[in-house]
Amino acid sequence: GGGRARGGSRKEARNAAKAARIEKAKARAAARDAEREAKDRRRDAAAANDRDGDGDGDSDSDSQPPPLPGKGAKTPPPAGASVFVRDLPTDASKQSLFERMQKFGKVRSCRVVLDKTTGRSKGTAFVDFVDAASASRAIEAAGKVEGGGVKVAGRRLNIALAVSATDAADLATAKSKAFATDAKKRRDGPRDNRNLYLATEGQIHEEGPAAQGVSREDIMKRRRAKEEQKMKLKNPNFFISKNRLQVRNVPPEVDQKQLKKIFHDAVLQRATKANPKVLHARLLFDNTRPDANGKPRSRGIGFVEFDAHDHALAALRTLNNNPTIFTAAKRPIVEFAVEDARAVKKLERRRDGLNKAQRERNSAEE
């Protein structure tokens, strides 16, 4: 009994040390993110204060498109006339944001923040109005419950007054310090152990640009997939895998080897220097519907697992809704797979048992 207690204490100490190292790593990452965010805000503010284009950004035409970053008004916007937009759909254009903001007043410029690595929108933007009253109207409209707030491409926006570059840097620093000092409190608090933040990866907004050209059949499949995911995740035993993807609309002529190559090559399209490793690719078959050769027919659904989350994410973003992969009418519908923790543990125990039996056989032969 005492030996087990001491063993348990050592295990708890190791787990505590591991948790502490993880929290330190998170704190360092948060500090880097905060510095990067502050730099982005300073750069954006500088761009707003130092545009050197031909126009002044205040022409009489309200339908004039938004100035490009670095162009437009040479003078900074009035105090309180700039807003910061969050939750902007990543596939929404700057023009669509500009046109929506024009409802609240004349817009000097709008700038969508892009990820330096991927070149994709980060889902945030800055909008400069001609006067502070227009900015106030946009903020007020976004906060209203009735009417659904302010939407672009079907998604509700979060709009707040933009802060200056200096204030942004101060806020980022304070945020970094708070993250580091409150590490223990966060560690003891609730965690996203089920990776629910990945639930929206692969989804497209039916009213957004990404839905253009998508067949009605695919739209309905996506709706059913989302409902299926939602129902499963109501059960706390289910979680979203970080490395395993589910794909729908796989053509019947694509076998498991070809499916594996498609996903492997998709990673290289986004990250040419990567060395992705696909652990397995598996198709689901319908035994009740044999093909011309008498073999079970593919159900058009497959699962592909990578050894790294970043590679799985890159493959998803390359293949999902891509009209050039399968067919334009039946595009790949890719999302992170929802798995049952009980089934995963059962499989792990079975694998451990098989490995143990193999080791015992090897020892007996020696």
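**Reading helices, cores and salt bridges**

Mentor: Let's start with one residue: lysine 177 counts as exposed, since its relative accessibility is 57%. Keep in mind that we're looking at a predicted model.

Trainee: Okay, which helix does lysine 177 lie in?

Mentor: Helix α4, which covers residues 165-181. Sequence distance can mislead you here: alanine 27 is 150 residues away from lysine 177 along the chain, yet their C-alpha atoms are separated by 8.6 Å.

Trainee: Now the interior. How many residues does the largest nonpolar core have?

Mentor: The general idea is that nonpolar side chains in soluble globular proteins tend to be buried together. In this structure the largest such core has 28 residues, and Leu245, Leu259, Phe263, Phe306 and Phe336 have the most contacts inside it. At least two residues each come from β7 (238-248), α7 (256-270), β8 (278-290), β9 (296-306), α8 (309-319) and β10 (333-340). The largest share belongs to α8, with six residues. Another core lies apart from it, with 22 residues including Phe98, Ala142, Val152 and Ala153.

Trainee: Let me zoom in on one member. Which residues does phenylalanine 263 touch?

Mentor: Leaving aside residues up to four places away in sequence, phenylalanine 263 touches Leu245, Val247, Val304, Phe306, Ala315, Leu319 and Val334.

Trainee: On to charges. How many salt bridges does the structure hold?

Mentor: First the principle: side chains of opposite charge can pair when their charged atoms come close. The count here is eleven salt bridges. Take aspartate 128 and arginine 111, whose closest N and O atoms are 3.1 Å apart. Aspartate 128 sits in strand β3 (residues 121-129) and arginine 111 in strand β2 (residues 107-114), so this pair ties together parts 17 residues apart in sequence.

Trainee: Are those two buried or exposed?

Mentor: Aspartate 128 counts as buried because its relative accessibility is 1%, and arginine 111 counts as buried at 6%.

Trainee: And what does glutamate 206 form with arginine 223?

Mentor: A salt bridge, with the closest N and O atoms 2.8 Å apart. Glutamate 206 is in the loop between α5 (183-188) and α6 (216-233), while arginine 223 is in helix α6, so parts 17 residues apart in sequence are tied together. Glutamate 206 is partly exposed, with a relative accessible area of 41%, and arginine 223 counts as partly exposed at 35%.

Trainee: Where's a bridge that links distant parts of the chain?

Mentor: Look at lysine 330 and glutamate 217, which meet in a salt bridge at 4.0 Å, N to O. Lysine 330 is in the loop between α8 and β10, glutamate 217 is in helix α6, and they are 113 residues apart. There's also a network of salt bridges linking Glu228, Lys232, Arg248 and Glu335.

Trainee: Helix α6 keeps coming up. Which of its residues are buried?

Mentor: Here's the general idea: an α-helix has 3.6 residues a turn, so residues three or four places apart point the same way. In α6 the buried residues are Asp218, Ile219, Lys221, Arg222, Ala225, Gln229 and Leu233. They cover an arc of only 160° around the axis, which means they're on the same side of α6. They pack against β7 and β10. The face turned away from that buried side carries the exposed residues Arg216, Arg224 and Met231.

Trainee: What span should α6 have?

Mentor: At 1.5 Å a residue, its 18 residues should span 26 Å, and the end C-alpha atoms are 26 Å apart, which agrees.

Key: Residues numbered from 1 in each chain as written. Predicted model: local features only at pLDDT ≥ 70, side-chain atom pairs only at ≥ 80, totals over all residues. Heavy atoms only, no water. Helix = DSSP H or I, 4+ residues; strand = E, 2+ residues; numbered from the N terminus. Buried < 20%, exposed > 50% of the residue type's maximum accessible area, 1.4 Å probe, protein only. Core = buried A, V, L, I, M, F, W, Y, C linked by side-chain atoms within 4.5 Å. Contact = heavy atoms within 4.5 Å. Salt bridge = Lys/Arg side-chain N within 4 Å of Asp/Glu carboxyl O. Expected span 1.5 Å × (residues − 1). Arc of directions from axis to C-beta.
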